[in-house]
Amino acid sequence: MTKLVIEGGRPLQGDVRISGAKNAALPILAASLLATQPVALQNVPRLQDVATMIELIGGMGALITRNGDLTIDCSQLNRYEAPYELVRSMRASILVLGPLLARFGQAVVSFPGGCAIGSRPVDLHIKGMELLGAEIRVENGNIYASRKNRLKGTTIAFETVTVTGTENVMMAAVLAEGQTIIKHAAQEPEVVDLANFLIALGAKIQGAGTDTIVIDGVSDLTGGNYRVMPDRIEAGTFLAAAAATKGTITLHDISPAIMQTVLAKFRETGAVIVEQENSILFDMQGKRPNAIDVVTSPYPGFPTDMQAQFIAVNSVANGEANVTETIFENRFMHVQELQRMGAQIRLQGNTAIVTGIDKLHGAPVTATDLRASACLIVAGLAAEGVTHVERIHHLDRGYERIEEKLQQLGASIKREN
Ligand code: UD1
């Protein structure tokens, strides 16, 4: 099985370019199903999850080419189904539900099961579609959605903030009759990016990025051109690796504006950070990071997708810190693996209490999910000795060429079979 072999202990140094955001590219690809004319996308990262979404919409009859830009032509679809094999490998497949239902009046999406980080239901997606007038049956492991008439605008107040739930409802509502108001909407920058893409195709959306989104339905969407936003989680992962290795790096093609909460936390670790329009200079000045408390919450709070990497940083920090996870109920699978490397971590409910030590030691460890993989790489880069990270297919779902990028920054990391 493929694994990553890391020889730790070298401070990261140098420059790295941040790729397009996975969590923006996936909903934007799903939203292409709404377009009656071709769509050209730039800055789509080459990732396993993106390949899965392309396979999913390609299986519905979309014509997709990639020569630099990714061009998607959904003018002639003939299947409206997301099968189990694809949904099983990527929960974000649920994002096709809203677009298929809105444009074609029918959709069959295999029911996403639990996953490594918790049960992750899709009840709020389903409720949103029903409020817009869809009929939904859940049978034989599938969600069957249909509508007799055009979807009808309404007010949908989410009881829990959900990122893909907000995106799914927004995509369905752009073709609904009349106005839809989404209250308690997710405010993530990726929701804003999706809204901007839909607006570029002719949708009428206001308020994306706030907790209330107002959508005035239109009869159809045309094609268009769009550049996917940068990946703030990839950027944060490189900063975590620089913090843990006492490094000095510059991130390019990333807007600091979308990373303010995370940058504030890194400043607490003692890092000197200079924000420029499209880049971030990060310098630990050769010092060990200070331990810092973190509580995850929806944007603009601290992202759950950076929680694991901050536990890795705290593991080699000065002092003790509490890291509390409030979004997913089982997102501490990386803790056991870090303990194998000598990390001093106690779990108390949804809080990890981390006592920083001077040095972790290399060990064979197993990645359990995407961000846990990133956490183990950060730990391996900081550790003394050699770390083998197994089950890295999780990593390939969400990081583009991570070992090449880390090599550019001076890390000793290679892929082995
Ligand atoms: C998205 C991101 C993921 C990130 C997460 C939280 C994508 C493709 N994935 O996932 O990387 O970790 O946001 O920032 O963008 N919930 C329900 N019912 C639902 C939907 C969600 O109870 O129908 C709950 C979830 O179990 C969770 C919380 O709401 O406790 C937030 O989850 P949600 O924002 O929906 O996560 P995703 O959109 O799946």
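How many helices and strands are there in the chain? There are 14 helices and 24 strands, where helices (H or I, at least four residues) and strands (E, at least two) are DSSP runs numbered from the N terminus.

A word on the source, everyone. This is a predicted model, in which local features need pLDDT of at least 70 and side-chain atom pairs count only at pLDDT 80 or more, while totals for chains, interfaces and linings use all residues. Residues are numbered from 1 along each chain as its sequence is written, and side-chain values use heavy atoms, with hydrogens and water left out.

Let's start with the overall shape. The C-alpha trace spans about 65 × 45 × 40 Å along its principal axes. For 417 residues, a compact globule would have a radius of gyration near 22 Å, and the chain agrees with its 21 Å; that radius is taken over C-alpha atoms, and the globule rule is 2.2 Å times the number of residues to the power 0.38. Of the 417 residues, 56% are buried, meaning under 20% relative accessible area with a 1.4 Å probe, protein chains only.

Now for the strands. Two strands pair if DSSP finds at least two bridges between them. One open sheet has 4 strands in the order S6-S7-S9-S8, with mixed pairing. Strand S6 (81–82) and strand S8 (135–139) stand at its edges with a single partner strand each, so one side of each has no neighbour in the sheet. S6 runs parallel to S7 (residues 106–110), joined by 2 bridges, and Ala-82 stands opposite Val-109 in S7.

Strand S3 (residues 39–42) is worth a look too. It is joined to S5 (residues 69–73) by 3 bridges in the antiparallel sense, with Val-39 opposite Ile-72. S3 also pairs with S14 (residues 224–227), in the parallel sense over 4 bridges, and there Ala-40 faces Asn-225.

What about cysteines? Cys-74 is buried at 0% relative accessibility, and Cys-375 is buried with a relative accessible area of 0%. Searching the whole structure for disulfides, meaning pairs of cysteine sulfur atoms within 2.5 Å, gives 0.

Last stop: which residues lie closest to the centre of the second largest pocket? Of the 14 that line it, they are Asn-330, Arg-331, Phe-332, Met-333 and Leu-347. A pocket here is an open set of points on a 1 Å grid over the protein atoms alone, where a 1.4 Å probe fits, with protein on both sides within 12 Å along at least five of seven lines; lining residues have an atom within 4 Å of a point. Helix H11 (residues 333–340) gives the largest share of this lining, 4 residues. Thanks, all!

Terms used:
Buried < 20%, exposed > 50% of the residue type's maximum accessible area, 1.4 Å probe, protein only.
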